[in-house]
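Please open the structure in your viewer and keep the selection tool at hand. The tour goes from stop to stop, and at each one you select something and then look at what is there.

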Amino acid sequence: LSKFSPPYMASKSDKKWNFDYVCMCPTLDAVTNSFVDEHCIVFDNEDENKLAYSEIHHEFRRLVDRVLCDRLAELGFSIEGFCDIFVSSDVTHGPKKKVYDHIRATDSFTVFKTMMVARNNELKKEALQALSKFSPPYMASKSDKKWNFDYVCMCPTLDAVTNSFVDEHCIVFDNEDENKLAYSEIHHEFRRLVDRVLCDRLAELGFSIEGFCDIFVSSDVTHGPKKKVYDHIRATDSFTVFKTMMVARNNELKKEALQALSKFSPP
């Protein structure tokens with residue numbers, strides 16, 4: 001933000017710049033992506049609309065409204081002014097398209113449902129691609145402990161859900177030594193989420209939670225694609241590990257925000 005002079009930041013004369021600046025907000029992008037990844041599993045390809053769809057849509061609208069209003073207030077823009085710019089915009093490609101589509105989905109249940117179904121199908125496709133790497137006879141085997149552990153950790157749904165949760169809640173965590181009450185509440189919520197998804201995954205594979213725990217405690221993943229899922233599971237059992245992970249992710253998002261801001265030169 002220090003790269004922009006206050007008069008220009010508050011200026012509303014350059015509509016395109018204002019729109020770009022709001023949409024290039026990493027926090028808005030991370031929070032909406034997190035919500036979509038976490039809730040899209042509920043949406044299927046059926047024509048019938050479930051009650052849960054409307055409830056999730058309302059929750060999504062409240063989330064986007066809150067984050068967007070905070071962003072506009074930070075920049076000194078009015079919500080009315082942004083809406084005037086937004087309705088006259090049509091983003092068809094580029095880094096702003098996803099944020100644009102997410103904002104548009106708040107005002108249209110049809111657009112929202114289409115987006116959620118599409119993302120659910122994408123995650124299923126990723127899961128099938130991961131499964132295709134394993135032959136059926138080996139999939140059913142429980143004799144290779146390392147393979148079992150790898151197979152659970154390489155689950156795209158588990159990865160997407162935990163990443164979504166971390167990105168959505170890490171903004172609460174700062175570098176202070178003092179632990180806030182909200183930290184514990186978020187940690188408990190994270191534990192319940194991971195327990196639920198992990199148990200579903202193990203049941204799907206026919207593995208027991210006890211057997212997986214035996215494998216997990218004897219494992220030490222220091223690198224590679226499984227590390228993030230491994231760290232997330234480990235964080236469920238340690239508040240210190242969880243807080244360190246959340247603070248680190250918060251710092252990463254702040255760094256991404258500064259890098260995004262640096263792309264905009266002052267007038």
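The stops below cover a pair of helices, some aromatic rings and one asparagine. Keep in mind throughout that this is a predicted model.

**Stop 1: two crossing helices**

Begin by selecting residues 181-205, which form helix α11, together with residues 227-235, which form helix α13; the axes of these two helices come within 9 Å and cross at roughly 120°. Angles from 65 to 115 degrees would count as roughly perpendicular and those over 145 as roughly antiparallel, so α11 is oblique to α13. The crossing of α11 and α13 is also left-handed.

Now show the side chains where the helices meet: His187, Phe190, Val194 and Leu198 make the contact from α11, while His232, Ile233 and Ala235 make it from α13. Sorted by class, the residues in this contact of α11 with α13 are five nonpolar and two polar, with no charged ones.

**Stop 2: from α11 to α14**

Stay with phenylalanine 190 in helix α11 and add phenylalanine 242, which lies in helix α14 (residues 239-261), so that you can see how the pair ties together parts 52 residues apart in sequence. The two rings form a tilted aromatic pair, with 5.1 Å from centre to centre and 40° between the planes. Are these two residues buried or exposed? Phenylalanine 190 has a relative accessible area of 0% and is therefore buried, and phenylalanine 242, at 0% relative accessibility, counts as buried too.

**Stop 3: rings around phenylalanine 43**

The structure holds eight aromatic pairs, and for another of them you can select phenylalanine 43 and phenylalanine 112. Their ring centres are 5.7 Å apart and their planes stand at 80°, so this pair is edge-to-face. Phenylalanine 43 sits in the loop between α3 (26-39) and α4 (51-75), whereas phenylalanine 112 belongs to helix α7 (residues 109-131), and the pair thus links distant parts of the chain, 69 residues apart. Both phenylalanine 43 and phenylalanine 112 are buried.

Next, widen the selection to Phe35, Phe43, Tyr53, Phe60 and Phe112, which ring pairs link into a cluster.

**Stop 4: an asparagine in α7**

Finally, return to helix α7 and select asparagine 120, which has its place there. Which residues does asparagine 120 touch, not counting those up to four places away in sequence? They are Cys40, Ile41 and Phe43, the last of which you met at the previous stop. Asparagine 120 has a relative accessible area of 4% and is therefore buried.

Terms used: Residues numbered from 1 in each chain as written. Predicted model: local features only at pLDDT ≥ 70, side-chain atom pairs only at ≥ 80, totals over all residues. Heavy atoms only, no water. Axes fitted to C-alpha atoms, helices over the stretch in contact; angles between N-to-C directions. Helix = DSSP H or I, 4+ residues; strand = E, 2+ residues; numbered from the N terminus. Parallel < 35°, antiparallel > 145°, perpendicular 65-115°, else oblique. Left-handed = near helix turned anticlockwise from the far one by under 90°. Contact = heavy atoms within 4.5 Å. Nonpolar A, V, L, I, M, F, W, Y, C, P; charged D, E, K, R; others polar. Phe/Tyr/Trp six-rings, centres within 6.5 Å; stacked < 30°, edge-to-face > 60°. Buried < 20%, exposed > 50% of the residue type's maximum accessible area, 1.4 Å probe, protein only.
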